[in-house]
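Dear colleague,

I am handing over the structure we spoke about, and it is placed just below so that you can keep it open while you read. My notes on it follow.

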Amino acid sequence: MTAAWLAKLTIRARLTLVYGGLFLLAGLLLLGVTYVLVSQRLPQGNTVSTSGRSVGGASPSPMPGGGPLPVTGEAPEPSSTQFVTDTRHDALDALLTQGGIALAVVGAAAIAFGWLIAGRLLQPLHRVTETARRIAAAPDADRGLHERIALAGPADEIKELADTFDVMLERLDHAFDAQRRFIGNASHELRTPLTLNRTLLEVMIDPRTASPEMAQLGGTLLAINERHERLIEGLLLLARSEREIPERSYVDMADVVEHVVARVASGAVSVKAEPGEAPTTGNPVLLERLVQNLVENGVRHNVAEGGWVRVSSGTGSDGAVEVRVANSGPVVPRYEIPSLFEPFRRLSAEQSSGPPGAGLGLSIVRAVARAHGGGVRAEPRDGGGLVVTVTLPPAG
């Protein structure tokens with residue numbers, strides 16, 4: 001119980017308890033030693049001998065007239081012994097009482113000073129925490145990494161921690177710069193040859209000049225090229241969507257749902273939109289891609305005949321914007337659902353009615369939702385298929 005209570009305290013409170021506890025312990029030891037020493041020096045009630053001299057060698061008190069006390073050879077009277085005993089007890093009690101009060105007052109002052117000193121010692125750690133908090137709260141994942149703590153002071157453990165944190169920030173900054181350069185270079189270097197290949201294949205399969213065998217081969221190669229284009233586009237979009245959205249605009253998800261459903265090629269699967277007012281803020285292009293991936297995923301992983309997809313939007317009881325996509329399809333075990341949001345994770349061929357995808361659809365959905373401050377969850381339907389719900393912050 002005590003250990004659990006101490007674990008809930010802050011480091012500043014623990015240091016204050018240590019300072020105050022050690023001071024009070026030292027004060028109690030000092031008070032105890034003083035008590036023992038004073039009690040040994042105070043006379044006992046039977047320290048006066050029959051010769052009129054104390055056992056300790058002190059001279060007897062003089063008479064009022066100036067002469068010494070007469071030596072009678074008799075024991076001191078009981079009243080004198082009681083007086084010495086009471087005086088001794090009163091002195092020791094006063095020592096304990098006054099010493100305890102003084103110890104309590106000085107101990108309270110020591111605890112207060114310990115609190116101030118602990119706060120002063122932990123101030124560099126607060127600076128490290130504030131810098132980390134500013135970087136974590138930056139509107140973009142790689143913004144703020146140029147900041148450095150640059151803690152000045154003696155080369156102690158706290159400065160070593162701050163310097164290590166600065167080195168880590170520098171490496172992260174370089175890593176994000178490399179990622180941005182990679183996205184830019186890949187966007188150009190990977191798309192250009194695929195675009196060139198597509199153009200050459202389209203020329204090759206021109207029905208006016210191509211033989212049937214050449215046209216069939218060109219069509220197969222064109223489909224493979226198109227799949228590679230979708231894969232590269234998905235990877236680049238996934239890399240971009242994992243970053244925070246710095247600039248947002250007003251978007252009604254009802255309009256996005258209507259637009260996507262009107263454009264999707266459903267084939268034998270019936271796709272129906274049930275749009276409801278759902279205002280949010282974000283990047284319209286990424287939000288459209290989010291809904292498009294959900295709808296295409298629902299169409300692809302469906303039954304061969306009589307399949308359906310229902311896309312709806314609205315606001316939940318807590319005011320959050322919701323986009324829900326439900327579809328018929330094969331039964332999906334609940335334990336497989338978390339893995340569906342990982343890149344390059346696909347359902348088996350028996351659970352898919354369309355051509356295999358790149359395995360990035362739901363990964364992009366989750367990345368876009370998180371970049372907008374929302375989330376996504378999926379639940380299996382009893383009759384087969386999934387119900388995927390995306391939540392987004394409301395506008396304003």
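In helix α9, the buried residues are L286, L287, L290, V291, N293, L294, V295, N297, G298 and V299. Please bear in mind throughout that this is a predicted model, and that what I report is computed from it.

The length of α9 agrees with what one would expect, because its 17 residues at 1.5 Å a residue should span 24 Å and its end C-alpha atoms are 24 Å apart. At the start of this helix, a side-chain oxygen of N283 comes to within 2.9 Å of the backbone nitrogen of V285. Beyond the other end, in the loop that runs between α9 (284–300) and β4 (308–315), is N302, which counts as buried because its relative accessibility is 3%, under the 20% cut-off. Two polar partners can be named for the side chain of N302: a polar atom of that side chain lies 3.3 Å from the backbone oxygen of W308, and a polar contact of 2.6 Å joins it to the side chain of S328.

The strands come next. Strands β4 and β5 run antiparallel and are joined by seven bridges, one pairing being that of S313 with V323 in β5. The hairpin that these two strands form has five residues between them, and in it G319 takes a positive phi near 90°. Strand β5 is also joined to strand β7 (residues 386–392), again in an antiparallel arrangement, by six bridges, and here V325 stands opposite V388 of β7. How enclosed is β5 (residues 321–327) by the rest of the structure? Six of its seven residues are buried, so the strand is largely enclosed.

Elsewhere, V271 has its place in strand β2 (residues 270–274), and it counts as buried because its relative accessibility of 19% is under the 20% cut-off. The C-alpha atoms of V271 and G307 are separated by 8.8 Å, although the two residues are 36 apart along the chain.

As for charged pairs, the structure holds four salt bridges, and I describe some of them here. One joins K159 to D163, with the closest N and O atoms 3.1 Å apart. These two residues are separated by about one helical turn, because they are four residues apart in helix α5 (residues 157–189). D163 is partly exposed, with a relative accessible area of 31%. A salt bridge is also made by the side chains of R324 and E322, at 3.2 Å from N to O, and its two members are not classed alike: R324 is partly exposed at 31% relative accessible area, whereas E322 counts as buried at 18% relative accessibility.

A further salt bridge pairs R334 with E379, their closest N and O atoms being 2.7 Å apart. Since R334 lies in the loop between β5 and α10 (337–340) and E379 in strand β6 (residues 375–380), the pair ties together parts that are 45 residues apart in sequence. R334 counts as exposed, with a relative accessibility of 53%, while E379 is partly exposed, with a relative accessible area of 37%.

Finally, there is the surface. V18, Y19, L22, F113, W115, L116, I117 and L121 make a nonpolar surface patch of about 800 Å², and the elements that give two or more residues to it are α2 (11–41) and α3 (78–121). Which helix supplies the largest share of the nonpolar patch? That share, five residues, comes from α3. Among the patch residues, Y19 lies in helix α2 and counts as partly exposed, at 31% relative accessibility. Other positions in α2 are covered, for A13, T16, G20, G27, L31 and S39 are buried. The length of α2 is also as expected, because its 31 residues at 1.5 Å a residue should span 45 Å, and its end C-alpha atoms are 45 Å apart.

With kind regards

Conventions:
Residues are numbered from 1 along each chain as its sequence is written. This is a predicted model: local features need pLDDT of at least 70, side-chain atom pairs count only at pLDDT 80 or more; totals for chains, interfaces and linings use all residues. Side-chain values use heavy atoms; hydrogens and water are left out. Buried means under 20% relative accessible area, exposed over 50%, partly exposed in between (1.4 Å probe, protein chains only). A polar contact is a pair of N or O atoms within 3.5 Å; within protein, one must be able to donate a hydrogen and the other to accept it, and residues adjacent in sequence count only if both atoms are side-chain atoms. Patches are made of residues with over 30% relative accessible area and no salt bridge: like charges are joined within 9 Å, nonpolar side chains (Val, Leu, Ile, Met, Phe, Trp, Tyr) within 5 Å. Accessible areas come from the Shrake-Rupley method with a 1.4 Å probe; for residues, only the protein chains shown count as cover. The expected span of a helix is 1.5 Å times one less than its number of residues. Two strands pair if DSSP finds at least two bridges between them.
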